[in-house]
Amino acid sequence: MSERIPIAGPWITEKEVAYAAEAAADGWYERAGFYVQRFEEAFAKYLGIEHAVAVPHCTSAIHLSLAGLGIGPDDEVIVPDITWIASAAPTHYVGATPVFADIDETTWCISAESVRKCITNRTKAIIPVGLYGLTPDMDALRDVAQEHGLRIIEDAAQTIGSKYKGQLAGTFGDAGVFSFHGTKTMTTGEGGMFVTDDDELYDRVQVLRDHGRTKANFRNFYNTEVAFKYRMSSLQAAFGFGQLERIDELVARKREIFGWYRDRLAEVPGLRLNAEPPDYFSTFWMTTVIVEADYGLTNQELMAAFAEHAIDTRPFFHPLSALPAFSDTPQAADATTRNTVAYALSPRGLNLPSAMRITETQVDRVCSVLRKILGRN
Ligand SMILES: Cc1ncc(COP(=O)(O)O)c(C=O)c1O
């Protein structure tokens with residue numbers, strides 16, 4: 001049997017290991033906050049944004065964004081139907097209701113046109129999600145948000161380094177959020193970042209993420225409200241600082257991997273790869289294929305066929321509205337009839353191995369197996 005090809009995984013060098021070791025040896029006492037602060041400042045500088053707050057994961061960054069913007073019971077938040085559940089779950093944490101918008105046929109990201117159909121007098125925010133490395137059409141979404149007075153929390157968990165009209169992902173909304181999970185382009189093991197240009201929101205998030213302590217009463221064990229404990233450790237921050245120093249190299253590598261796939265698969269009839277329309281710069285977090293219906297193959301069948309060749313793949317996300325977690329809600333019922341693109345693409349989409357350390361030879365093997373499965377070799 002050939003060596004197993006994993007779906008995802010990071011690219012770590014001695015640089016990150018050395019930074020983490022330094023923090024492990026010295027990130028205590030008066031240096032306890034140093035590594036986190038350095039990582040936050042470097043991240044804000046990279047994005048060209050005022051504030052960055054390092055947190056335990058992107059899920060907590062979304063939770064903090066919603067809570068910080070005062071979104072709560074009786075409010076609705078529009079999310080794309082196709083994304084990881086973490087984009088939507090925090091709406092429940094604050095007592096609000098997620099409403100599932102359809103995705104765009106080309107970008108696979110939330111469709112501004114569908115968002116318009118989801119707006120009610122309870123709608124307070126939109127959470128646009130960059131999917132598999134591509135940002136949504138942020139101009140169109142910002143127009144809708146402006147027309148209806150909605151806040152934007154940009155979920156850039158999968159799009160660090162991606163650009164829309166030359167501007168970096170995560171910088172378009174009232175808040176932006178990132179994930180440094182081990183599968184992501186840059187990682188801290190688990191980890192995330194909240195970013196904003198809004199001083200007031202930043203101050204509020206600082207209090208909310210630290211059990212309701214303000215900077216002024218930090219040393220006083222004095223809590224002004226019941227809040228959350230969402231802080232990143234020095235070790236993770238030091239590691240992340242090293243990854244961030246290499247971000248251009250990490251992004252270039254993702255694009256190189258996608259290029260290897262494109263060279264081998266672009267001409268296969270009935271296969272569609274991630275799009276990169278003009279004005280967009282994708283970081284191709286996950287190389288993804290949509291297999292046209294004519295092949296009569298679902299993504300579950302494709303995954304099983306790949307597994308026989310020791311190749312790990314993942315299905316395109318299930319529509320959130322189809323998951324047991326949400327399916328008994330009226331919002332999910334509306335989504336199942338409205339979101340025709342999400343429901344058409346989901347069962348035919350497949351993420352191909354996109355680990356940072358995958359080799360061109362391994363990509364060659366994945367593509368040969370795919371062509372064989374499709375009868376196109
Ligand atoms: C689009 C999206 N949003 C949010 C998250 C949550 O990130 P984390 O696992 O860091 O909480 C993920 C993680 O995969 C994601 O893909």
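Reader: By class, how many nonpolar, polar and charged residues does the shell around the ligand have?

Author: Happy to start there, keeping in mind that this is a predicted model. There are 14 residues around the ligand, and His-57, Cys-58, Ala-86, Ala-157 and Ser-179 come nearest. Sorted by class, the shell has 5 nonpolar, 8 polar and 1 charged residues.

Reader: Thanks! Which helix gives the largest share of the largest nonpolar core?

Author: That core has 107 residues, and Val-55, Ala-125, Ile-126, Val-177, Met-193 and Phe-194 have the most contacts inside it. The largest share, 6 residues, comes from residues 247-265, which form helix H9. Both domain 1 (14-245) and domain 2 (247-374) supply at least three residues to this core. The helix you asked for is H9.

Reader: Which residues does Ala-125 touch, not counting those up to four places away in sequence?

Author: Good one to pick, since Ala-125 is among the residues with the most contacts inside the core. Leaving out residues up to four places away in sequence, the partners of Ala-125 are Leu-69, Ile-71, Val-77, Leu-150, Arg-151, Ile-152 and Ile-153.

Reader: Which strand gives the most to the side of domain 1 that touches domain 2?

Author: The C-alpha centres of the two domains lie 25 Å apart, and 33 residues of domain 1 are in contact with 32 residues of domain 2. On the domain 1 side, strands E3 (97-101) and E6 (163-164) each supply at least two residues. By class, that side has 16 nonpolar, 11 polar and 6 charged residues. With 4 residues, the strand that gives the most is E3.

Definitions and conventions
Residues numbered from 1 in each chain as written. Predicted model: local features only at pLDDT ≥ 70, side-chain atom pairs only at ≥ 80, totals over all residues. Core = buried A, V, L, I, M, F, W, Y, C linked by C-beta atoms within 7 Å. Buried ≥ 20, exposed ≤ 12 C-beta atoms within 10 Å, placed from the backbone. Domains from an automatic or database assignment. Contact = placed C-beta atoms within 7 Å. Near = placed C-beta within 6 Å. Nonpolar A, V, L, I, M, F, W, Y, C, P; charged D, E, K, R; others polar.
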